[in-house]
Amino acid sequence: MKPFEIAARWRDQIPATTAHLLELHVNHGAGVLSGFSLQLLSGDAFGAACSADAENRAALGALLAMVAQDFPLECYGSRESVQQWRGLKHAPPFEVPDSWTATVEELRREGPQYGEPKTEEKSAPGAVH
């Protein structure tokens, strides 16, 4: 498995040290987090803002957006989730829910659904809708 890296679109918006610590967390678990990072990932934005240095405080919006958009759901959200996260190597593989499989099979049976509507769905010429 390829290690997690902070996407390039965030690199110029967040401090390099914070990016490195957050990458370590996603890849290896919570043992490397600072107090600020722990609060940030735990969903305590107010606590994170209060404990942030000037660089991280200025980047707080970008950091919150980055975590919400790019991080695995299991590695953030609550203090327990953050502390129990053991890294991507130990994350359970993604499983497709049965409901998705059933929906895909149904769509395959129905075939492509594009173009003109079926003849029974067409309106008579001049009909008012």
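This is a short dialogue on reading the predicted model shown above.

Reader: What should I know about the model before I start?

Author: Residues are numbered from 1 along each chain as its sequence is written, and side-chain values use heavy atoms, with hydrogens and water left out. Because the model is predicted, local features need pLDDT of at least 70 and side-chain atom pairs count only at pLDDT 80 or more, while totals for chains, interfaces and linings use all residues.

Reader: Which elements have the lowest and the highest mean pLDDT?

Author: pLDDT is the predictor's confidence in each residue, from 0 to 100. The chain has a mean of 85, and 81% of its residues reach 70 or more. Among its elements, helix 8 has the lowest mean, 79, and helix 5 (residues 54–58) the highest, 97.

Reader: How many helices and strands does the chain have?

Author: Helices (H or I, at least four residues) and strands (E, at least two) are DSSP runs, numbered from the N terminus. Here there are 8 helices and 0 strands.

Reader: What span does helix 8 reach, and what is expected?

Author: The expected span is 1.5 Å times one less than the number of residues. Helix 8 (residues 98–110) has 13 residues and reaches 19 Å from first C-alpha to last, close to the expected 18 Å. After helix 8 comes Gly 111, with a positive phi near 80°.

Reader: Where does the largest nonpolar core get its residues?

Author: In soluble globular proteins, nonpolar side chains tend to be buried together. A nonpolar core is a set of buried Ala, Val, Leu, Ile, Met, Phe, Trp, Tyr and Cys residues joined through side-chain atoms within 4.5 Å; buried means under 20% relative accessible area, exposed over 50%, partly exposed in between (1.4 Å probe, protein chains only). The largest core here has 26 residues, and those with the most contacts inside it include Leu 22, Leu 41 and Phe 71. Helix 2 (16–28), helix 3 (35–42) and helix 6 (60–70) each give two or more residues to this core. Helix 6 supplies the largest share, 5 residues.

Reader: How many aromatic pairs are there?

Author: Rings of Phe, Tyr and Trp (its six-membered ring) pair if their centres lie within 6.5 Å; planes under 30 degrees apart count as stacked, over 60 as edge-to-face and the rest as tilted. The whole structure holds 1 aromatic pair. The ring centres of Phe 4 and Phe 71 are 5.1 Å apart with planes at 75°, so this pair is edge-to-face. Phe 4 lies before helix 1 (8–11) and Phe 71 in the loop between helix 6 and helix 7 (79–84), so the pair ties together parts 67 residues apart in sequence.

Reader: Are these two rings' residues buried or exposed?

Author: Phe 4 is buried at 15% relative accessible area, and Phe 71 is buried at 5%.
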